[in-house]
Amino acid sequence: MLKIARKEWEALRYHGEETYPHECCGVLLGRVDNDGTRIVTATARCGNTRTDSPQNRYNIDPRELVRIQREGRERGEDIVGFYHSHPDHPARWSSTDLAEAHWFGCSYVITSVEKGKAAITNSFELAGSDEAAKQLADEKIEID
């Protein structure tokens, strides 16, 4: 399960509206409870560095990701997931999303942005033991 404060939930959805018709992307920071629940305490916006197809693909610069991870750890937070938008497409993962997901045990949140307005937001956990067996499984979201 993913628990997220309403403020952070609204921020990631608004980010998708701002970058429409391109995909937005960002990082979810927080902690993992003993029961495996990922609790988001902050979001970090990232720039989409994809220039070939930013309307349906995203990439986070590895240097930006390392900076976000370092700053989060200084505050006692870990990376617990990622988010991005799907402009004028469903809030479901694509084969590209699965292929490019590598952080096992993390949440992958997708917001469908329809005609510039955030619609449905879903979350998926990257499960599996290695790249060959990985899968994105539906995950419940609890908004505080």
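# Notebook: strand E4 and its surroundings

I began with strand E4, residues 78-87, and found it mostly covered, with nine of its 10 residues buried. For burial I used relative accessible area: buried is under 20%, exposed is over 50%, and partly exposed is in between, with a 1.4 Å probe and protein chains only. Strands (E, at least two residues) and helices (H or I, at least four) are DSSP runs numbered from the N terminus.

A note to self on the source: this is a predicted model, where local features need pLDDT of at least 70, side-chain atom pairs count only at pLDDT 80 or more, and totals for chains, interfaces and linings use all residues. Residues are numbered from 1 along each chain as its sequence is written, and side-chain values use heavy atoms, with hydrogens and water left out.

**Entry: the strand neighbours**

Which strands pair with E4, and in what sense? I found strand E2 (residues 25-32) pairing with E4 in the antiparallel sense over six bridges. Strand E5 (residues 107-114) pairs with E4 in the parallel sense, over seven bridges. I took two strands as paired if DSSP finds at least two bridges between them.

To fix the register, I looked up single bridges. Gly26 has Tyr83 in E4 as its bridge partner, and Gly81 has Ser107 in E5.

I then followed the pairing onward from E5. Strand E6 (residues 117-127) pairs with E5 in the antiparallel sense over seven bridges, and the bridge partner of Thr111 in E6 is Thr121. From E6, five bridges lead to strand E7 (residues 135-139), and these two run antiparallel. Here Glu125 is matched with Ala137 in E7.

**Entry: the E5-E6 turn and another positive phi**

E5 and E6 form a hairpin with two residues between them. Lys115 lies in that loop, and its phi is near 50°, a positive value in a residue other than glycine. Is Lys115 buried or exposed? I noted it as exposed, at 77% relative accessibility.

Asp88 also caught my eye: it is not a glycine, yet its phi is positive, about 55°. I placed Asp88 in the loop between E4 and helix H3, where it counts as partly exposed at 41% relative accessibility.

**Entry: aromatic rings**

I searched the whole structure for aromatic pairs and got two. Rings of Phe, Tyr and Trp (its six-membered ring) pair if their centres lie within 6.5 Å; planes under 30 degrees apart are stacked, over 60 edge-to-face, and the rest tilted. The rings of Phe82 and Trp103 have centres 5.3 Å apart and planes at 70°, so I logged the pair as edge-to-face. Phe82 lies in E4 and Trp103 in the loop between H3 (95-99) and E5, so the pair ties together parts that are 21 residues apart in sequence.

How do the two differ in cover? Phe82 is buried at 5% relative accessible area, whereas Trp103 is partly exposed at 30%. Phe82 and Trp103 form one aromatic cluster with Tyr108.

I also checked Trp93, which lies in the loop between E4 and H3 and is partly exposed, with a relative accessible area of 32%. Trp93 and Tyr108 are 15 residues apart in sequence and 8.6 Å apart in space, C-alpha to C-alpha.

**Entry: the largest pocket**

Which residues line the largest pocket? The lining includes the cluster residues Phe82, Trp103 and Tyr108, and among the others are Tyr58, Ile60, Leu65, Glu100 and His102. By class I have eight nonpolar, two polar and one charged residues. Ala, Val, Leu, Ile, Met, Phe, Trp, Tyr, Cys and Pro count as nonpolar, Asp, Glu, Lys and Arg as charged, and the others, Gly among them, as polar.

The pocket holds about 280 Å³ of space. A pocket here is an open set of points on a 1 Å grid over the protein atoms alone, where a 1.4 Å probe fits, with protein on both sides within 12 Å along at least five of seven lines; lining residues have an atom within 4 Å of a point. The volume is the space filled by probe spheres set on the points, which are joined across faces, edges and corners.

**Entry: cysteines and a cis bond**

How many disulfides are there? I counted zero, taking a disulfide as a pair of cysteine sulfur atoms within 2.5 Å. The sulfur of Cys25 is 5.5 Å from its closest cysteine sulfur, in Cys46, too far for a bond. For Cys106 the closest cysteine sulfur is also in Cys46, 13 Å away and again too far. Cys25 is buried at 0% relative accessible area, and Cys106 is buried at 5%.

Last, I noted a cis peptide bond joining Tyr20 and Pro21, with omega about 10°. Pro21 sits in the loop between helix H1 (6-19) and E2.
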